Amino acid sequence: MKPAAFSYLRPTSIEEALDQLAAGTGAGAKVIAGGQSLGPMMNMRLATPAQLIDLNDLTELAYVREAGDWIEIGALTRHYQLAESPVLRRHCPLLAQAAQTIGHYAIRQRGTIGGSLAHADPAAQLALVAVTLDARLKLVRPGATRSVQAGDFFASAMTTALQPDEVILSVQFPKAAPREAASFNMFNRRHGDYAIVAAATTVAVEGAIVQRVRLGLGGVAPMPRNLDELALPFLGQVPGEQWIKRLAAAAREAIAPEDNPRISALYRQELAERLVARALSQAISLLHG
Amino acid sequence: MNKQSITLTVNGRNVEFEAEPRKLLSDALRENCGLTGTHVGCEHGVCGACTVLVDGRPVRSCLTYAVQMEGHEITTIESVGEHGALAPLQQALHEAHGLQCGFCTPGIVMTFQAFLADHPDPSEEEIRDVLSGNLCRCTGYQNIVTAIQLAARRMREGAGHVAT
């Protein structure tokens with residue numbers, strides 16, 4: 001349970017980090033931020049990078065700030081900072097709620113949003129919220145930056161659109177509408193474990209009428225699923241009990257989770273239906289509150 | 001191979017030693033700093049036994065390399081309390097039977113040293129949420145929760161040794 005040998009670099013600027021990564025990509029260099037996923041993988045020797053480029057001194061990449069209709073979050077922002085941010089609680093409560101459920105207290109002190117998105121675990125909270133809210137990721141390599149939609153960023157389980165010499169610089173999430181509420185719901189067997197299934201939703205209304213529903217599910221496919229299209233026939237209505245029930249049933253029908261001996265596909269489908277119903281119902285009761 | 005000089009600031013003291021970059025902070029504390037109060041359990045961030053404070057915040061020392069910690073303040077269980085005068089958390093764990101074998105205890109004490117400093121009056125639910133990051137195979141947790149509540153109350157009242 002000790003990591004394999006590696007050499008260590010500790011850049012003090014993003015430019016320096018990118019140059020080091022560009023120079024080291026062919027030779028097994030990897031960036032490390034919070035290390036809460038890469039650390040265990042290295043200890044178990046599932047990952048054996050020849051060189052670690054430590055981003056932890058780039059404290060200028062740890063921020064949450066408003067940018068017009070968006071909230072911009074630096075890649076080195078820690079999970080606890082997301083959960084405690086007054087800006088996020090007000091303008092992007094889904095993200096703050098979800099961050100509070102990641103791992104354990106000590107893990108949240110160290111893990112970063114950039115690291116979690118780059119790691120791309122199919123059951124991870126932040127990947128699910130990014131896909132649900134159509135977040136935009138800003139990626140940088142020497143001399144070039146580009147913006148990628150979360151839906152295009154996740155290619156498969158633990159696989160992303162990041163090129164070997166690219167690093168996530170920041171992530172932008174849309175601000176919630178004035179009459180919009182959010183709810184994040186997940187199920188796991190032990191507190192702090194990855195979710196078996198997780199549901200994320202926002203519901204926006206005008207008066208009592210639903211204007212927009214965002215809906216995402218994690219743990220039901222190799223990457224998070226955005227199910228906004230399912231909700232289109234449900235707009236323009238008053239969201240009552242039957243409305244919730246029918247939308248949750250539609251979500252269950254829309255997914256085809258993997259069937260494995262430990263967790264059956266049927267179990268994940270039933271969980272998805274229950275969690276979607278619970279999330280919708282919580283969001284709607286917040287709107288009434 | 002490739003050992004380098006590393007200087008850590010642990011409990012206010014500088015310790016210099018030679019180690020490879022892959023040396024885990026948990027192993028460096030035990031083997032290079034002679035501080036064996038930090039325990040090593042699962043070595044992949046699940047059990048919480050190796051929790052120490054880095055700049056005042058709880059961190060899994062098994063998921064951190066010693067070389068990364070140069071320039072940061074590390075606080076371990078050895079800095080908490082002293083012989084004959086236990087810290088409030090330690091005293092409460094003792095009185096409420098919050099430990100048996102003691103293997104997980106240093107990690108629990110360090111986690112809640114930080115948590116109670118930020119949250120002096122936590123709910124039972126908050127305590128259980130934080131405690132979920134520290135596995136204990138002896139106590140069944142109930143007495144640990146009781147002890148943390150007792151310690152929090154005493155720390156709020158500003159005295160570590162008030163009779164219950």
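In this predicted model, helices α2(B) and α5(B) cross in a right-handed way. The two pack at an angle of about 140 degrees, and 8 Å lies between their axes; α2 covers residues 88–95 of chain B, and α5 covers residues 142–156 of chain B. Angles over 145 degrees would count as roughly antiparallel, so α2(B) and α5(B) end up oblique to each other. On the α2(B) side, the contact is made by Pro88(B), Leu89(B), Ala92(B) and Leu93(B), while α5(B) brings in Ala147(B), Leu150(B), Ala151(B), Arg154(B) and Met155(B). Sorted by type, the residues of this α2(B)–α5(B) contact come out as eight nonpolar, no polar and one charged.

Over in chain A, the assignment gives three domains: domain 1 runs through 7–54, domain 2 through 59–174 and domain 3 through 180–288. Take domains 2 and 3 of chain A: their centres, worked out over C-alpha atoms, sit 21 Å apart. Contacts between the pair involve 22 residues of domain 2 of chain A and 19 residues of domain 3 of chain A. On the domain 2 side, the elements giving two or more residues are α5 (93–99), α8 (125–132) and β8 (154–156) of chain A. Of these, α8(A) gives the most, with six residues. As for make-up, this side of domain 2 of chain A splits into 13 nonpolar, eight polar and one charged.

Chain A also has an open sheet of five strands, with antiparallel pairing and the order β4-β5-β10-β6-β7. At its edges are β4 (64–67) and β7 (144–149) of chain A, each of which pairs on one side only. From one strand to the next, the twist averages 25 degrees. Within the sheet, β6 (residues 136–141) and β10 (residues 167–174) of chain A are joined in the antiparallel sense over five bridges. Val140(A) faces a partner across this pairing, standing opposite Val167(A) in β10(A).

That leaves the meeting of the two chains, where 23 residues of chain A are in contact with 25 residues of chain B. Looking at the chain A side, two or more residues come from each of β1 (7–9), α2 (38–43) and α6 (105–110) of chain A. Helix α6(A) has the largest share of that side, at five residues. Here the chain A residues touching chain B break down into ten nonpolar, ten polar and three charged.

Technical notes: Residues are numbered from 1 along each chain as its sequence is written. Chains are lettered from A and ligands numbered from 1 in the order in which they are written. This is a predicted model: local features need pLDDT of at least 70, side-chain atom pairs count only at pLDDT 80 or more; totals for chains, interfaces and linings use all residues. Axes are lines fitted to C-alpha atoms, for helices over the stretch in contact, and angles run from 0 to 180 degrees between N-to-C directions. Helices (H or I, at least four residues) and strands (E, at least two) are DSSP runs, numbered from the N terminus. Angles under 35 degrees count as roughly parallel, over 145 as roughly antiparallel, 65 to 115 as roughly perpendicular and the rest as oblique. A crossing is left-handed if the near helix is turned anticlockwise from the far one by less than a right angle, and right-handed if clockwise. Two residues are in contact if their C-beta atoms, placed from the backbone, lie within 7 Å. Ala, Val, Leu, Ile, Met, Phe, Trp, Tyr, Cys and Pro count as nonpolar, Asp, Glu, Lys and Arg as charged, and the others, Gly among them, as polar. Two strands pair if DSSP finds at least two bridges between them. Domain bounds come from an automatic or database domain assignment.
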